[in-house]
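Here's a short walk through one model, with the helix packing up front and the strands and ligand shell after that. Have the sequence and the 3D view open as you read.

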Amino acid sequence: MNDTAASSLTPSTPKRTLLVTGGAGFIGSWFVRYILENEPQTSIVNLDLLTYAGNLDNLSSIEGHPRYEFIHGDITDKALVRSLMNRVDICVNIAAQTHVDRSIDGPDVFISTNVVGTQTLLEAARLAGIQKFIQVSTDEVYGSLGSTGAFTETSPLDPSSPYSASKTSADLLVMSYFKTYGLPVCITRCSNNYGPYQYPEKLIPRFVLNAMAGKQLPVYGDGLNVRDWIHVSDHNRALALVMNQGQPGEIYNIGANNEQSNLSITKCILQTLDKPESLITFVEDRLGHDRRYAIDSNKIQTQLGWQPTVNFDQGLEETILWYGKNPEWVRRLEQRLARETQTVAARSSK
Ligand SMILES: NC(=O)c1ccc[n+]([C@@H]2O[C@H](COP(=O)([O-])OP(=O)(O)OC[C@H]3O[C@@H](n4cnc5c(N)ncnc54)[C@H](O)[C@@H]3O)[C@@H](O)[C@H]2O)c1
């Protein structure tokens with residue numbers, strides 16, 4: 001089977017509309033661009049709240065596209081979500097609060113967006129009778145591994161952080177809508193993504209920008225926590241494939257079989273940018289920090305024919321260099337951040 005989702009659609013495939021949530025974020029913006037480029041009969045309605053992580057600059061290349069519509073709104077807004085769901089065929093839920101550290105500092109918004117927001121979408125999807133609901137989840141629902149083994153789709157759910165617990169809760173709700181109401185759902189659980197356009201609170205973009213500015217790179221604990229890294233473009237091809245060919249009620253793990261410690265990625269960033277390792281500072285470990293993740297993606301490979309294609313060393317180098325080659329994207333983001341910090345400071349001084 002060919003793993004290009006677009007090639008699974010023939011010219012006679014009927015026109016259809018997707019509701020993509022969180023399409024202004026890192027993965028969502030890649031997904032929106034990928035679908036518009038590869039599926040000429042598919043239109044997209046992108047519902048995004050534009051939180052601190054949502055960035056319309058990620059979508060500047062498709063501004064004014066005839067098959068694209070942006071709606072500024074919240075996935076917890078029942079009336080809005082119901083009206084949108086009535087005019088789409090498929091929902092791909094990518095919106096979420098996504099940063100583990102923020103979930104430790106303030107879990108409330110993780111419950112409202114990731115749990116209540118998902119249930120709001122599910123209920124609207126059920127009432128509208130849409131064709132498919134794709135829930136973009138994470139390998140973090142499985143918790144932490146010892147030094148061997150990998151998570152399969154049947155591994156026990158054992159989340160550690162408020163973020164991963166909220167994603168796990170959402171997954172359980174999604175599956176309940178399949179079992180109870182027969183809503184045709186699929187869940188994807190992907191490992192850590194890297195690539196251009198990632199918001200610089202996550203490890204790679206944050207360390208790249210710090211290193212470029214000659215600032216310290218704060219590495220948690222001993223730096224030996226391991227994640228299974230995948231290029232965001234490989235994740236998006238898998239998402240499109242699950243959307244087009246995934247079986248209702250099924251969960252698909254997505255990973256590139258590429259385990260790396262935080263420390264080795266940090267050293268690679270410094271080496272690529274020709275910066276000294278003395279910029280590394282080891283800081284107190286994150287609370288409840290999972291030690292190791294590894295994903296077994298045999299199911300999506302054998303059942304849907306997907307394969308990761310991006311070589312990690314090359315993908316990482318291109319990603320590191322992308323931030324340097326796109327100073328305007330970085331500058332506008334930093335200006336926005338500074339404005340937001342000022343607004344918060346002004347509010348708290350009232
Ligand atoms: N980044 C990763 O490594 C990774 C790995 C596996 C799974 N995931 C999952 O993929 C999804 C996207 O992750 P990301 O890294 O692109 O996140 P991101 O933080 O870059 O983007 C999240 C997007 O969701 C939007 N959003 C947040 N709350 C919303 C709300 N209430 N209503 C509407 N929009 C809202 C934000 O404005 C933003 O555009 C998440 O569900 C995450 O759990 C991420």
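In this predicted model, helix α6 (residues 203–212) and helix α8 (residues 262–272) bring their axes within 10 Å of each other, crossing at roughly 35 degrees. The crossing of α6 past α8 is right-handed. On the α6 side the contact is made by Leu203, Ile204, Phe207, Val208 and Ala211, and they meet Asn262, Ile265, Thr266, Ile269 and Leu270 of α8. Sort those residues by class and you get eight nonpolar, two polar and no charged ones.

Next, the sheet. Three strands line up as β7-β9-β11 in an open sheet with mixed pairing. β7 and β11 (259–261) sit at the edges, each pairing on one side only. From one strand to the next, the twist averages 50 degrees. Strand β9 (residues 226–231) and β11 run antiparallel, joined by three bridges, and Asp228 has Glu259 in β11 as its bridge partner. Helix α7 (residues 232–245) packs on this sheet, where it touches β7 and β9, and its direction makes about 70 degrees with that of β9.

Then there's strand β8 (residues 217–220), which pairs with strand β12 (residues 280–283) in the parallel sense over four bridges. Here are the two strand pairs side by side:

| Strand pair | Sense | Bridges | A bridge partnership |
|---|---|---|---|
| β8 and β12 | parallel | four bridges | Val219 with Phe282 |
| β9 and β11 | antiparallel | three bridges | Asp228 with Glu259 |

Which side chains of β8 are buried, and which are not? Leu217 and Val219 point to one face and are buried, while Pro218 and Tyr220 point to the other face and are not. That's the textbook pattern: in a regular strand, side chains alternate between the two faces of the sheet.

Finally, the ligand. How many residues surround it? The count is 31, and the closest are Gly22, Gly25, Ala53, Gly54 and Ala96. Elements giving two or more residues to this shell are α1 (26–38), β2 (42–48), α4 (108–128), β5 (132–138) and β7 (192–194). So β7 turns up twice in this tour: as an edge strand of the open sheet, and as a contributor to the ligand shell. The largest share, three residues, belongs to α1. By class, the shell has 14 nonpolar, 14 polar and three charged residues.

Key: Residues numbered from 1 in each chain as written. Predicted model: local features only at pLDDT ≥ 70, side-chain atom pairs only at ≥ 80, totals over all residues. Near = placed C-beta within 6 Å. Nonpolar A, V, L, I, M, F, W, Y, C, P; charged D, E, K, R; others polar. Buried ≥ 20, exposed ≤ 12 C-beta atoms within 10 Å, placed from the backbone. Pairing = 2+ DSSP bridges. Axes fitted to C-alpha atoms, helices over the stretch in contact; angles between N-to-C directions. Contact = placed C-beta atoms within 7 Å. Left-handed = near helix turned anticlockwise from the far one by under 90°.
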